[in-house]
Amino acid sequence: MKIILFILFYLLTVATAHSEVDPFNIYQWTQNRNGPWFEWWYYKVVLPETGESFFFVYGVVNPWDNKKTMLGTRSYVSVGDFSAKTMLETKFPVSEFSASYDQTLVTVAGNTATDQNFAGELVDTNGDISNWDVSIQKEWSYNSTGWATGKGITNIEWYPAQASAKCSGTIVSHNKLHQFTDAPCYQDRNWGNAFPLWWTWIVSNQFKENSESVLAVGGGRPKYLNTKFPLEGVTVGLRHKGKEYHFRPNDFDHITQKINFGTWEISAENNFNKVTVSASAPKEQFMDLPFVTPEGKVFHDFETLTGHVEVKIYDRHLFKWKLVDTLTSEFAGIEYGE
């Protein structure tokens with residue numbers, strides 16, 4: 001009897017552990033696919049006490065291409081220090097990259113990333129060392145495209161696996177040691193076979209009015225089913241006071257955006273709720289983060305992690321919208337790429 005109970009307990013434990021694996025935070029590349037492909041895991045950390053912010057990227061491009069027949073083929077690790085306005089990226093052969101299909105586990109030349117920790121070390125041309133060892137505790141994920149996620153409908157997918165998280169650990173950048181506990185942080189995923197015409201991104205989990213509120217906005221103009229179907233837009237996710245709001249183009253929610261580099265204005269509504277997002281930052285606050293496509297072209301991505309954002313939340317009352325809350329932050333991640 002004890003043996004039977006032990007076996008049942010073991011099977012239940014395994015099943016529970018397996019059910020906790022996020023299917024979109026693991027390796028997405030199909031191994032027999034030999035065309036253009038990119039995939040990366042992105043982490044950001046903001047230190048509100050000092051205003052400093054950092055990002056880290058672990059990625060691979062054309063993982064099948066061991067002979068480097070395509071110009072963009074590589075694996076890589078990047079670290080960005082927004083206070084110093086510096087970015088360090090080290091490229092490696094694709095043979096130096098590995099990732100798991102069963103759990104969030106990425107390794108690039110000894111640098112590692114999971115859904116609970118990311119760590120690594122890079123050395124720049126001057127011999128200066130950047131290293132980090134950071135634990136990450138998930139609070140909330142946002143399925144940005146809902147039923148369409150992972151279906152390959154668009155040529156690039158974006159998934160905020162940890163739209164809100166807390167980070168603790170150490171970062172050494174420019175010979176300065178940063179130690180922190182429960183700093184607001186974030187982790188997302190991108191994968192696909194071609195870059196969009198443009199993309200944008202706004203996230204924050206450090207609002208003045210409510211530290212537990214989270215905003216995640218992302219989108220652009222990708223290809224659909226590998227055609228230049230002229231459809232563009234963003235998806236909006238918000239968690240506030242225990243309630244989740246989501247507005248997705250593929251759910252036929254009404255979303256409009258007016259985006260110019262430096263200012264972002266977004267309005268999203270469904271039958272019951274409405275959210276408006278206004279984001280901005282001085283142009284000198286942005287860094288140009290070049291991403292190289294599978295074919296070797298450069299896609300310029302302008303990003304800041306300390307922008308201003310204002311979010312207004314409305315409920316529908318009869319035929320009118322009633323403002324119920326306003327959120328503001330000076331620690332918003334804002335991005336525009338093309």
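Which residues line the largest cavity? Keep that in mind as you open the model, which is a predicted one.

**Stop 1: the cavity**

Select Phe55, Val57, Tyr76, Ser78, Met87, Glu89, Pro290 and Phe291, and you have the lining of the largest cavity on screen. Its volume comes to about 40 Å³, and the structure holds one cavity of 30 Å³ or more. Now colour by element: strand E2 (52-61), strand E3 (74-81), strand E4 (86-92) and strand E19 (287-292) each give two or more residues to this lining. Switch to colouring by residue class and you should get six nonpolar residues, one polar and one charged.

**Stop 2: out from the cavity along a salt bridge**

Stay on Glu89, one of the lining residues you just picked, and add lysine 91. Glutamate 89 and lysine 91 form a salt bridge, with 3.4 Å between the closest N and O atoms. Turn on the surface and compare the two ends. Lysine 91 is exposed, at 53% relative accessible area, whereas glutamate 89 counts as partly exposed at 24%.

**Stop 3: two more salt bridges**

How many salt bridges does a search of the whole structure find? Six turn up, and two others deserve a click.

Start with glutamate 39 and arginine 189, whose side chains meet at 2.6 Å, N to O. Glutamate 39 sits in strand E1 (residues 38-47) and arginine 189 in strand E11, so this pair ties together parts 150 residues apart in sequence. Hide the surface for a good look, as both glutamate 39 and arginine 189 are buried.

Then jump to aspartate 251 and arginine 248. This is another salt bridge, with the closest N and O atoms 3.2 Å apart. Aspartate 251 is partly exposed at 28% relative accessible area, while arginine 248 has 10% and is buried.

**Stop 4: the disulfide**

Go back to E11, the strand that holds arginine 189, and show its cysteine at position 185 together with cysteine 167. A disulfide joins cysteine 167 to cysteine 185, with an S to S distance of 2.3 Å. Cysteine 167 belongs to strand E10 (residues 156-173) and cysteine 185 to strand E11 (residues 176-192), so the link ties together parts that are 18 residues apart in sequence. A search of the whole structure finds one disulfide, so you can stop hunting after this one.

Which hand does the disulfide have? Set up the torsion about the S-S bond of cysteine 167 and cysteine 185: the value is about 90 degrees, so the disulfide is right-handed. Is cysteine 167 buried or exposed? Its relative accessibility is 0%, so cysteine 167 counts as buried. Cysteine 185 is likewise buried, with a relative accessible area of 0%.

**Stop 5: E16, E17 and E18**

Finish with residues 254-260, which make up strand E16, and residues 263-269, which make up strand E17. The two run antiparallel and are joined by seven bridges. For a landmark, label lysine 258 and its bridge partner in E17, glutamate 265. Two residues lie between the strands in this hairpin, and glycine 262 takes a positive phi near 115 degrees.

Carry on from E17 to strand E18 (residues 273-280). Seven bridges join this antiparallel pair too, and E17 and E18 form a hairpin with three residues between them. Here the residues to label are alanine 268 and, opposite alanine 268 in E18, valine 275.

Conventions. Residues are numbered from 1 along each chain as its sequence is written. This is a predicted model: local features need pLDDT of at least 70, side-chain atom pairs count only at pLDDT 80 or more; totals for chains, interfaces and linings use all residues. Side-chain values use heavy atoms; hydrogens and water are left out. A disulfide is a pair of cysteine sulfur atoms within 2.5 Å. Helices (H or I, at least four residues) and strands (E, at least two) are DSSP runs, numbered from the N terminus. Buried means under 20% relative accessible area, exposed over 50%, partly exposed in between (1.4 Å probe, protein chains only). A salt bridge is a side-chain nitrogen of Lys or Arg within 4 Å of a carboxyl oxygen of Asp or Glu. On a 1 Å grid over the protein atoms alone, a cavity is a set of points where a 1.4 Å probe fits but cannot get out, and a pocket is an open set with protein on both sides within 12 Å along at least five of seven lines; lining residues have an atom within 4 Å of a point. Grid points are joined across faces, edges and corners, and a volume is the space filled by probe spheres set on the points. Ala, Val, Leu, Ile, Met, Phe, Trp, Tyr, Cys and Pro count as nonpolar, Asp, Glu, Lys and Arg as charged, and the others, Gly among them, as polar. Two strands pair if DSSP finds at least two bridges between them.
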